[in-house]
Amino acid sequence: MQRLEGRVMLVTGAIGGIGRALCKRFANEGARVVVNCLPSDLGEAEKFAAELDAPVLVFAADVSSFAEVSAMVAATVERFGRLDVAVNNAGIEIRAPFLDATEDDWRKVLGVNLDAAFFLCQAAARQMVKQGGGGRLINISSVHEDIPFEGFTSYCVSKGGMRMLARNLAVELAPHCITVNNIAPGAIATPINQAVLDDPQEQKNALSEIPLGRFGRPNEVASVAVFLASEEASYVTGSTYFVDGGMTHQVTRY
């Protein structure tokens, strides 16, 4: 039996490396999938959605806007009648030494990574409470919710905030049987890490910090998400699952 049969899953940032893997795995496990993208990526998202063997809704929205996130949740319910799992996957990073970082850079990263997570968790949880039966909130965080990363203060702060967001919401939403968990990827072979993958020395440096000695695969992140979205994880909440090849236990640069 498919583990997510009939469930309605919403994934933000769905056409990135991890986002695509999430949508594919959810579809393969029998879910109905909402594919979120930026308006500028709508054509690519529709092409990707056509490849999924599942009922799909494509919704373009800027997730740093509460109004647009709320509209996306409303459209999900209008199309599928409910929302069972919401996955905050959209994320960006901007490299800048702390002394040179701009206000715009700070607000953009916090808006996409942390504000958006709060907005979707709230809009989704309100719907889950209304429909009854509980639900699942899953945040794709980062090892940098714990590990410092020079030149990426805004990114680390956003992921650290996501860590406490999940823990706090896990307590507040438990009476409604809504679980809240984070998945914290390490170095995953996705477009965001392409520059490192293409540079032999940078790749060597990165691999030296990973006990398993390789980059992770997007599907390995998606596997944990399937578990957290399934009945097998019904007693799991307020936790972060690191998918990092052991990186958090062997970081030598800091």
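The exercises below, each with a worked solution, concern a predicted model.

**Exercise 1. The sheet**

Find the order of the seven strands in the open sheet, and state which strands stand at its edges.

Solution.
- Step 1. The strands of the open sheet follow the order 3-2-1-4-5-6-7, and their pairing is parallel.
- Step 2. Strand 3 (56–60) and strand 7 (240–243) each have a single partner strand, so one side of each lacks a neighbour in the sheet; these two stand at the edges.
- Step 3. From one strand to the next, the twist averages 15 degrees.
- Step 4. For one pairing in detail, take strand 1 (residues 8–11) and strand 2 (residues 32–37), which run parallel and are joined by four bridges. M9 has V33 of strand 2 as its bridge partner.
- Step 5. Helix 3 (residues 66–80) packs on the sheet and touches strand 1, strand 2 and strand 3. The direction of helix 3 makes about 160 degrees with that of strand 3.

**Exercise 2. Helix 4**

Compare the reach of helix 4 with the expected value, then locate its bend.

Solution.
- Step 1. Helix 4 spans residues 103–131, which is 29 residues.
- Step 2. At 1.5 Å a residue, 42 Å is expected; the reach from first C-alpha to last is 40 Å, close to that value.
- Step 3. The bend is at G111 and amounts to about 45 degrees.
- Step 4. After helix 4 comes G132, with a positive phi near 80 degrees.

**Exercise 3. S154**

Decide whether S154 is buried or exposed, and list what it touches.

Solution.
- Step 1. S154 lies in helix 5 (residues 153–173).
- Step 2. Its relative accessible area is 9%. Buried means under 20%, so S154 is buried.
- Step 3. Leaving aside residues up to four places away in sequence, S154 touches I94, W106, V109 and L110.

**Exercise 4. Salt bridges across the chain**

Determine which parts of the chain are linked by the salt bridges R3 to E232 and E231 to R136.

Solution.
- Step 1. The structure holds 11 salt bridges.
- Step 2. In the pair of R3 and E232, the closest N and O atoms are 3.1 Å apart. R3 sits in the segment before strand 1 and E232 in the loop between helix 8 (218–229) and strand 7, 229 residues apart.
- Step 3. R3 is partly exposed, at 31% relative accessible area. R3, E29 and E232 are linked in a network of salt bridges.
- Step 4. E231 and R136 form a salt bridge at 3.9 Å, N to O. E231 is in the loop between helix 8 and strand 7, R136 is in strand 5 (residues 135–140), and 95 residues separate them.
- Step 5. R136 is buried, with a relative accessible area of 7%.

Definitions and conventions:
Residues are numbered from 1 along each chain as its sequence is written. This is a predicted model: local features need pLDDT of at least 70, side-chain atom pairs count only at pLDDT 80 or more; totals for chains, interfaces and linings use all residues. Side-chain values use heavy atoms; hydrogens and water are left out. The expected span of a helix is 1.5 Å times one less than its number of residues. The bend at a residue is the angle between axes fitted to the seven residues ending there and the seven starting there. Two strands pair if DSSP finds at least two bridges between them. Axes are lines fitted to C-alpha atoms, for helices over the stretch in contact, and angles run from 0 to 180 degrees between N-to-C directions. Contact means heavy atoms within 4.5 Å. Buried means under 20% relative accessible area, exposed over 50%, partly exposed in between (1.4 Å probe, protein chains only). A salt bridge is a side-chain nitrogen of Lys or Arg within 4 Å of a carboxyl oxygen of Asp or Glu.
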